[in-house]
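Please open the structure in the viewer and follow the selections below in order.

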Amino acid sequence: LVEYLNASSIEYHPDFLNHLIYILYTHWENLSTSLYTNGRIVKALIISAFDINHALMVKSQLTFQFSNRIHFDVYTDALLDFDSLSQSDYDIIIGNYPLPKLSDKHTLTIRSIITIEDTIALLNILNEMFDSNPKEH
């Protein structure tokens, strides 16, 4: 918007800019939800210490809460290979037991049944990811 104001030879003033942002968000129908849903989809992998059915349950719960922002997959290989996880295109690795730190990956340890604390922790990871690289927003 600042570039638009400069190109239009309109003097920049923070209050005027705030007013323009207000006008855009309140008068452009569904702007905020469109911006939110059109961002980059994050990829997450769910690993369960129990079985595939538990992992699928966790996937179902998290998909319900984050379907517009995160695509969830379930780890199905018989053996867990952290080297291949480090090389994967997943942004977040989620497990119901402590996971080792993986290079360039966010890891999240959740409870066996998703709690509000788990949801907040995942939201915090998303915020951290997008705050560190706002162009991906």
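How many of the residues of β2 are buried? Select this strand: 4 of its 5 residues are buried, where buried means under 20% relative accessible area, exposed over 50% and partly exposed in between (1.4 Å probe, protein chains only). Helices (H or I, at least four residues) and strands (E, at least two) are DSSP runs, numbered from the N terminus. The model is predicted, so local features need pLDDT of at least 70 and side-chain atom pairs count only at pLDDT 80 or more, whereas totals for chains, interfaces and linings use all residues. Residues are numbered from 1 along each chain as its sequence is written, and side-chain values use heavy atoms, with hydrogens and water left out.

Next, add β1, which runs parallel to β2 and is joined to β2 by 5 bridges; two strands pair if DSSP finds at least two bridges between them. L45 has D73 of β2 as its bridge partner.

Now select helix α6, residues 116-132. At 1.5 Å a residue, its 17 residues should span 24 Å (1.5 Å times one less than the number of residues), and the end C-alpha atoms are 24 Å apart, which agrees. Colour D118, T119, L122, I125, L126, M129 and F130, which are buried in α6. Viewed down the axis of α6, the buried residues fall within an arc of 125° (taken from the directions from the helix axis to the C-beta atoms), so they line one face of the helix. The face turned away from that buried side carries the exposed residues I116, D131 and S132.

To see what covers the buried residues of α6, display contacts (heavy atoms within 4.5 Å): the cover includes β1 (42-47), α4 (52-66), β2 (70-74), β3 (92-95) and β4 (106-109).
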